[in-house]
Amino acid sequence: MDIMPMNLPFPLGDMPVETFLRDYWQKKPLVIRQAFPNFTSPVAADELAGLACEADVESRLIAFDPASDSWEMEQGPFAADRFSSLPERNWTLLVQAVDHWVPEAHALLRRFNFVPNWRVDDLMISYAVDGGGVGPHYDNYDVFLIQASGTRRWEFGGLYDEHSPKRDDAPVMILPEWHAEESFDLQPGDMLYLPPRIGHNGIAVGDDCLTCSIGFRAPAIHEMLSGFADFMGERIGHDERYTDADLTRPTDPGEISATALENTRQRLLALFKDEALFSQWFGRLVTEPKYPELAADDADSVSHDDLLTFLQDEGELYQNEGSRLAWSAIGHDILLFADGEHYALSSESAISLARHLCLYQPVDLNCVDITDAQSLDLLCELLKRGLLYSESTEDDDA
């Protein structure tokens, strides 16, 4: 298996990472010409169409009819002959999470690790014929748009939010009151960065337009509040109640006193101040799998002896392309988060191994302290859950 080397340059041209993060990240758009010189798409157009025919792959076909000013959207999976019946203009195929299925697409995501890995969502790839696009819209997350083949004209400008007017007769979000402030034609290897909520519209100029879109996770605050409340509620127990042992006679029994309000506020704030539980909740949240319904069934257990034999025979383990891994420090220990679960690790060897795993690099004998039971337990558990695999295992399943 080809794994992208860690020492490849970041795709920011001559710009230092610090400059990009300071001046552009979540602040303003940026076009980088030849961010990827001699770029080769992770998939060809026909391979993308093949993925869109698979039941487990999320895909959409969006078409625009200029004569009636109308939009249509179809959800995959598609029949193989669907694409031969499409018109010559004004449609695009979008395939989500290509990184889950194509190792080369997953390796492309790792080129963006100047942003923490847990922030990366997925790699979507679109194919469009002349005039194809999804209309003017905005996203609530950062996105890098890499031109893989053909030409796409990107128009962008203006900040939008949930209160901005939207067309109610379209199956996708379309901004009806939008005017481009800037426009660039992107050629293969060029890249556009857009911060959240910037209005934009991408239109294929000619055929064979392949675009890679790298989106980032941005959990909604209202969802995080609800999720944290549920997480803590499961751990507090039903017997924890409001108390006021220091109650004094009220001046007005109809009043909710400032003391009662402050007492309650402090009780709730104390839950957020529990650093260990807050870290557990947040790490589990941001590593939840994109498609939990596709999580692999537990495999057969792997013994320490079997694992050691495999590694000593120069075997290598790889992270499942759809897995999400991150770690967080808790005192001198760490929590490793893996697809929404966590593992508390205390041995120096296991901590080193966990940090290596989160870089999405292969695991071989050089990465593992074979005398450390916690390290071996961790690898065996991740193998059982399907978050790690060996090429021989993958071949056996094929």
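Q: In E4, which residue is the bridge partner of Leu61?
A: Keep in mind that this is a predicted model. Strands E2 and E4 pair up in the antiparallel sense, over five bridges. Look across from Leu61 into E4 and its bridge partner is Leu93.

Q: Which residue in E5 stands opposite Leu94?
A: E4 also pairs with E5, again in the antiparallel sense, over four bridges. Follow Leu94 across to E5 and you land on Ser126.

Q: How many of the residues of E4 are buried?
A: Start with where the residues point: Trp91, Leu93 and Val95 go one way, Thr92 and Leu94 go the other way, and all are buried. That fits a strand that is mostly covered, with the buried count being five of five.

Q: Which are the edge strands of the sheet?
A: Eight strands make an open sheet, with antiparallel pairing, in the order E1-E9-E6-E11-E5-E4-E2-E3. An edge strand here pairs on one side only, which singles out E1 and E3.

Q: What is the average twist from one strand to the next?
A: Picture walking across that open sheet of eight strands, in the order that runs from E1 to E3. From one strand to the next, the twist averages 20°.

Q: Which residue in E9 stands opposite Leu30?
A: E1 and E9 (residues 191-194) run antiparallel and are joined by three bridges. Opposite Leu30, in E9, you'll find Tyr193.

Q: What angle does the direction of H2 make with that of E4?
A: Helix H2 packs on the sheet and touches E2, E4, E5 and E11. Compare its direction with that of E4 and you get about 70°.

Q: Are the rings of Phe20 and Tyr193 stacked or edge-to-face?
A: The structure has 27 aromatic pairs. In the pair made by Phe20 and Tyr193, the ring centres are 5.1 Å apart and the planes sit at 75°. Planes over 60 degrees apart fall in one class, so this pair is edge-to-face.

Q: How many residues apart are Phe20 and Tyr193 along the chain?
A: Both partners are buried, Phe20 at 0% relative accessibility and Tyr193 at 1%. Phe20 is in helix H1 (residues 17-23) and Tyr193 is in strand E9, so the pair links distant parts of the chain. The separation is 173 residues.

Q: How many residues are in the largest nonpolar core?
A: Phe20 turns up here too: it is among the members that touch the most other members, along with Leu48, Leu93, Val98, Phe144, Ile146 and Ile214. Val98, for instance, is in contact with Val43, Leu48, Leu51, Ala105, Leu123 and Ile125, leaving aside neighbours within four places in sequence. The member count of this core is 45.

Q: How many residues are in the other core?
A: This one lies apart from the largest core, and its members include Leu307, Leu325, Leu336 and Leu383. Its residue count is 27.

Q: Is Asn38 buried or exposed?
A: Asn38 is found in the loop between E1 (30-32) and H2 (45-52). Its phi is near 55°, a positive value in a residue other than glycine. Its relative accessible area is 74%, and the cut-off is over 50%, so Asn38 is exposed.

Q: Is Tyr360 buried or exposed?
A: Tyr360 has a positive phi as well, near 60°, and is found in the loop between H8 and H9. The charged end of Arg110 sits over its ring, 4.1 Å from the centre. At 7% relative accessibility, which is under the 20% cut-off, Tyr360 counts as buried.

Q: Which residue does a cis peptide bond join to Gly76?
A: Most peptide bonds are trans. Here, though, omega is about 5°, and the residue that follows Gly76 lies in the loop between E3 (70-75) and E4 (91-95). That residue is Pro77.

Q: What percentage of the residues in the protein chain are buried?
A: Zooming out, the chain has ten helices and 16 strands, and its C-alpha atoms fill a box of roughly 75 × 70 × 45 Å along the principal axes. Of its 398 residues, the buried share is 43%.

Conventions. Residues are numbered from 1 along each chain as its sequence is written. This is a predicted model: local features need pLDDT of at least 70, side-chain atom pairs count only at pLDDT 80 or more; totals for chains, interfaces and linings use all residues. Side-chain values use heavy atoms; hydrogens and water are left out. A nonpolar core is a set of buried Ala, Val, Leu, Ile, Met, Phe, Trp, Tyr and Cys residues joined through side-chain atoms within 4.5 Å. Buried means under 20% relative accessible area, exposed over 50%, partly exposed in between (1.4 Å probe, protein chains only). Contact means heavy atoms within 4.5 Å. Helices (H or I, at least four residues) and strands (E, at least two) are DSSP runs, numbered from the N terminus. Two strands pair if DSSP finds at least two bridges between them. Axes are lines fitted to C-alpha atoms, for helices over the stretch in contact, and angles run from 0 to 180 degrees between N-to-C directions. Rings of Phe, Tyr and Trp (its six-membered ring) pair if their centres lie within 6.5 Å; planes under 30 degrees apart count as stacked, over 60 as edge-to-face and the rest as tilted. A charge sits over a ring if NZ of Lys or CZ of Arg is within 6 Å of the ring centre and within 35 degrees of the ring normal.
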